[in-house]
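Me: I would like to go through the labels used for this structure and ask, for each, what it rests on.

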Amino acid sequence: MPLSDANLRYLFAVSDLAAGGRPVRSKEVADVLGVTRPSVVRVLRTLAEHGLVEKAPYGKITLTERGRFAARYYRNLVERINGDFPSTGLELTPAQRWQASLVLAAALPDTEYLRRCPPILKAPEGSGCEA
C-alpha cells in the first residue's frame, strides 16, 4: 500500500483526533495540519481508496480497522527510524528529524506491512494489504 509521507501525516492527524473512536471533521484535520480544507478532502479521498478512512459526504471522518492498523504500524515505524536516526552532522530539530523519518518510512517497501496485515483487514485488490 504505497502511501506518501503527506498521506501518513494526514492519517496520523485523523488517528490522533479520533482518539477514543470519535468521528472527526475535515476542518479539524485542516486546523491541526495547517492546510486548506480542499487539501484535506483530496487526501482523504486517497485514504478512503485505500480503505483507511470512511467519510460521509459533508460528514464526519472515521478510521476503519485497516486505518487504525496502518496508523499504529506506520507510527511505530517512524518512531523506530527516528530513534535510530543516523548522526548526519546537521543540526536538525526534533521536528525535522521526525519529518525525515516520516519521509523514509513512506519510501521504504511495504512488504513488512503487507506481511503483518491481519487477514480480516484484507482490502480490495490494488488498495494494499491484499492477500
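Reply: Helices (H or I, at least four residues) and strands (E, at least two) are DSSP runs, numbered from the N terminus. Arg-9 is found in helix α1, and the protein as a whole has six helices and two strands, running α-α-α-β-β-α-α-α from the N terminus on. The model is a predicted one, in which local features need pLDDT of at least 70 and side-chain atom pairs count only at pLDDT 80 or more, while totals for chains, interfaces and linings use all residues. Residues are numbered from 1 along each chain as its sequence is written, and side-chain values use heavy atoms, with hydrogens and water left out.

Me: Why is Arg-9 called partly exposed?

Reply: Buried means under 20% relative accessible area, exposed over 50%, and partly exposed in between (1.4 Å probe, protein chains only). Arg-9 has a relative accessible area of 26%, so the value falls in the in-between class. Of the 131 residues of the protein, 39% count as buried.

Me: What makes Phe-69 and Tyr-73 a stacked pair?

Reply: Rings of Phe, Tyr and Trp (its six-membered ring) pair if their centres lie within 6.5 Å, and planes under 30 degrees apart count as stacked, over 60 as edge-to-face and the rest as tilted. The rings of Phe-69 and Tyr-73 are 6.3 Å apart, centre to centre, with 20° between the planes, so both criteria for a stacked pair are met. Being four residues apart in helix α4, Phe-69 and Tyr-73 are separated by about one helical turn. Phe-69 counts as buried at 12% relative accessibility, and Tyr-73 is buried with a relative accessible area of 12%.

Me: Why is the pair of Tyr-73 and Tyr-74 called edge-to-face?

Reply: The centres lie 5.0 Å apart and the planes stand at 90°, which is over the 60 degrees required, so the pair is edge-to-face. Tyr-74 is buried, with a relative accessible area of 5%. Phe-69, Tyr-73 and Tyr-74 form one aromatic cluster, and the count by this rule comes to three aromatic pairs.

Me: What makes the charge of Arg-75 one that sits over the ring of Phe-12?

Reply: A charge sits over a ring if NZ of Lys or CZ of Arg is within 6 Å of the ring centre and within 35 degrees of the ring normal. The charged end of Arg-75 is 4.6 Å from the centre of the Phe-12 ring, so the distance criterion is met.

Me: What makes a set of residues a nonpolar core, and which residues have the most contacts inside the largest one?

Reply: A nonpolar core is a set of buried Ala, Val, Leu, Ile, Met, Phe, Trp, Tyr and Cys residues joined through side-chain atoms within 4.5 Å. The largest has 33 residues, and those with the most contacts inside it are Leu-11, Val-29, Leu-47 and Tyr-74. The elements that give two or more residues to this core are α1 (5–17), α2, α3, β2 (61–63), α4 (65–83) and α5 (94–107), of which α4 gives the most, with eight residues.
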